[in-house]
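User: I would like to learn how to read disulfides and unpaired cysteines in a structure. Where should one begin?

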Amino acid sequence: MDTKIIFSIVSLLFINFSLVQAHPAVFDITKFGAAPDGKADASQAIADAWKEACAAAGSSKILIPAGKFLAGIVNVTGPCKGAIEVEVQGTDGWFNFNHIDQFTLSGKGTLDGQGQVAWKGVSYDKDPKNCKKHPMNIRFNFITKGLVRDITSLNSKYFHVNVLGCDDFTFEGFKVSTPEGSLNTDGIHIGRSKGVTISNAKIGTGDDCISIGDGTEHLKITKVACGPGHGISIGSLGKYENEDPVSGITVSDCTLTGTTNGVRIKTWPAMFPNTATNIHFQDITMENVSNPIIVDQMYCPWNKCNKKEPSKVKISDVSFKNIKGTSATALTVQLICSSGVPCEKVELANIDLTYSGPEGPAKSECIDVKPTIVGKIPEGCK
């Protein structure tokens with residue numbers, strides 16, 4: 001046989017084999033006993049599908065097809081033998097994903113936390129000893145190279161998403177929907193993670209749209225629509241001993257609508273030391289936002305702290321640039337820094353926020369900080 005013909009046949013076989021390998025093995029939870037009737041508990045079926053998919057060589061996909069599946073808290077853990085994806089096309093419950101490399105959560109489906117009964121209780125922040133901590137819709141613990149694409153998180157009982165100890169993690173097209181007034185329902189909370197990107201997200205909730213906890217590094221937030229909610233917040237920091245520093249945070253091209261805060265950094269007075277540095281908010285539009293720009297180093301919800309001592313958290317290298325729109329309050333810029341460790345290297349540039357209420361024109365306030373001012377900003381800070 002001609003060697004050229006042999007080579008062509010071998011090449012075609014290799015290409016066909018590669019194409020087969022490129023498609024992940026699919027593990028449909030209905031094949032493991034799950035029923036889309038909204039009544040039967042699908043938790044075990046999901047766990048069984050995960051066990052097989054995680055053990056399979058090559059890439060695998062767990063499919064939650066169209067329909068309403070009822071599940072309790074589903075804990076799934078790696079490491080797995082290959083890349084693994086959970087595709088949600090229907091409606092399901094709560095997930096905890098742990099210790100996985102190359103993980104994707106995708107699909108047009110919804111994770112419904114059925115949180116209406118929980119929101120009527122006592123706030124966990126107000127009374128943690130007498131308040132039951134409810135489940136989050138999704139927990140990502142120690143995920144490397146993670147992707148969340150297009151999923152909707154609905155009516156979580158507590159935080160919608162918690163990201164802890166993750167590295168190189170992306171949210172793209174993620175949606176959060178919870179009514180204003182729902183307690184402790186942060187959209188995405190990030191802590192002790194690095195290399196997280198959140199883009200093209202739409203988040204409406206009763207607490208922070210995105211909250212950034214200690215140990216967060218190299219976080220990029222872009223093209224996020226926030227509202228209702230409490231805005232995009234760093235902190236609170238300094239409440240606990242041995243917190244890790246926050247650094248490398250960029251928030252850009254976002255729109256906040258009707259939120260109780262805009263972009264915010266908050267730290268507790270007294271308490272414990274930490275640092276927050278290299279933080280930049282730019283190209284942001286505010287629409288009827290209360291407290292559009294705020295650094296609050298006297299953060300003291302429910303008056304359960306010592307306001308007589310300054311915060312020990314050092315804030316430095318922070319900028320607010322090209323922020324425009326409308327404010328629901330006259331005090332559009334508030335930089336209330338620590339008298340013990342004043343803010344350093346803070347820049348305000350091109351802040352065009354208007355207020356048309358009875359308290360007069362828009363103004364700004366700067367305490368224990370001397371910001372660099374570029375272009376237009378509301379009167380007050382010098």
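Disulfides and free cysteines

Analyst: Cys381 counts as buried because its relative accessibility is 9%; buried means under 20% relative accessible area, exposed over 50% and partly exposed in between (1.4 Å probe, protein chains only). The model is predicted, so local features need pLDDT of at least 70, side-chain atom pairs count only at pLDDT 80 or more, and totals for chains, interfaces and linings use all residues. Residues are numbered from 1 along each chain as its sequence is written, and side-chain values use heavy atoms, with hydrogens and water left out.

User: What is the count of disulfides by the rule?

Analyst: A disulfide is a pair of cysteine sulfur atoms within 2.5 Å. Five disulfides result here. With the bonded cysteines numbered in sequence order, the pairing is 1-2, 3-4, 5-6, 7-8, 9-10.

User: Which cysteine forms a disulfide with Cys381?

Analyst: The partner is Cys366, with the sulfur atoms 1.9 Å apart. Cys366 lies in strand E30 (residues 363-367) and Cys381 in the segment after strand E31 (372-374), so the pair ties together parts 15 residues apart in sequence. Strands (E, at least two residues) are DSSP runs, numbered from the N terminus. The torsion about the S-S bond is about 100 degrees, so this disulfide is right-handed. Cys366, at 22% relative accessibility, counts as partly exposed.

User: Why is Cys166 without a bond to the closest cysteine sulfur?

Analyst: That sulfur, in Cys80, is 14 Å from the sulfur of Cys166, too far for a bond. Cys166 counts as buried, at 2% relative accessibility. Cys254 is also in no disulfide, and the nearest cysteine sulfur, that of Cys226, is 8.5 Å away.

Conventions: Helix = DSSP H or I, 4+ residues; strand = E, 2+ residues; numbered from the N terminus.
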